[in-house]
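Good morning, and thank you for the time. I should like to take you through one structure, beginning at its surface and ending with its charged pairs.

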Amino acid sequence: MYEKYYNIFLKSGIVKKIDIFKFDQMLQETMAQCITYKKDAIIKADGQPCTDIGLVLEGEALMAKNKGDGNRAIIEVIRPGCYFGEGLVFSSASTAPKWPVTVQARTECTVLLLDNDWMLGRKPMPYVSLNQILLNMIGPICDRSQRLLQALRCFHTRSIRERIAVYLLEKVSAEDGSVTLDFNRDEWADYLFIPRPSLSRELSKMKEDGLIDFYKSTFHILNKEALMQYLQW
């Protein structure tokens, strides 16, 4: 049933040292949900109880905090092989925690949902070792924590130029000093939590100052030392 997603399972690490056929049987017996969402559909709503762990199989999702004024702060893009909800499920909360953010389909998106009762051992996991699955998830969870720390660094900085500098320096290629954005400009502004016109103005100023050059979604850092001065921590 899940054979076509075998490479995604490998990428996520969840099937390390696990027979893929037994893993498939486990998914079927535990009634794991495989759901396809249309673009912009809400996968998990802010305030909704977190009752499962998600794994993106196809497409992309966005994790964001929506504001009352209609603005939003994008936290991360969730791509195939990446989890969401695991930090809430494995938290020390005695009752099902609630989602503090919204998860939304960035494109048409297929997601595998693993129920908390099986992942927390409330029900015996059939065919495969729950301990092995949890061990397999540790690495990806730590990697994700590093990505979220990067988002926190952007929120920590004060000026628009500082936020741009932090993002670009985190993403820059060591070979040619280039950065290809994960976002379109509107999404990037939401990620940096600044108005789109303000982002465009500051990028133009940074280009005039000889710090960066860019064309569409590709950026080149021209003066890395000057950008480094904007790093606060």
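Let me begin with Met 31, which counts as exposed because its relative accessibility is 66%; exposed means over 50% relative accessible area, buried under 20%, and partly exposed in between, with a 1.4 Å probe and protein chains only. Met 31 sits in the loop that runs between helix H2 (20-29) and strand E1 (33-37). Helices (H or I, at least four residues) and strands (E, at least two) are DSSP runs, numbered from the N terminus.

A word on the basis of these statements: this is a predicted model, in which local features need pLDDT of at least 70 and side-chain atom pairs count only at pLDDT 80 or more, while totals for chains, interfaces and linings use all residues. Residues are numbered from 1 along each chain as its sequence is written, and side-chain values use heavy atoms, with hydrogens and water left out.

Now to the interior. The largest nonpolar core, meaning a set of buried Ala, Val, Leu, Ile, Met, Phe, Trp, Tyr and Cys residues joined through side-chain atoms within 4.5 Å, has 42 residues. Among those with the most contacts inside it are Phe 23, Phe 84 and Ile 133. Strand E8 (residues 109-115) contributes the most to this core, with 5 residues. Apart from it lies another core, of 28 residues, including Val 77 and Phe 219.

Is Lys 44 buried or exposed? Lys 44, in strand E2 (residues 42-44), counts as buried, because its relative accessibility is 4%. Neighbours within four places in sequence aside, its contacts (heavy atoms within 4.5 Å) include Phe 84, Trp 99 and Leu 113. Lys 44 also forms a salt bridge with Asp 52, the closest N and O atoms being 2.9 Å apart; the term denotes a side-chain nitrogen of Lys or Arg within 4 Å of a carboxyl oxygen of Asp or Glu. Asp 52 is buried as well.

The whole structure holds 13 salt bridges. In another of these, Asp 46 pairs with Lys 65, at 2.8 Å between the closest N and O atoms. Asp 46 lies in the loop between E2 and strand E3 (52-58) and Lys 65 in strand E4 (residues 61-66), so the pair ties together parts 19 residues apart in sequence. Asp 46 is partly exposed, at 34% relative accessible area, and Lys 65 is partly exposed, at 30%.
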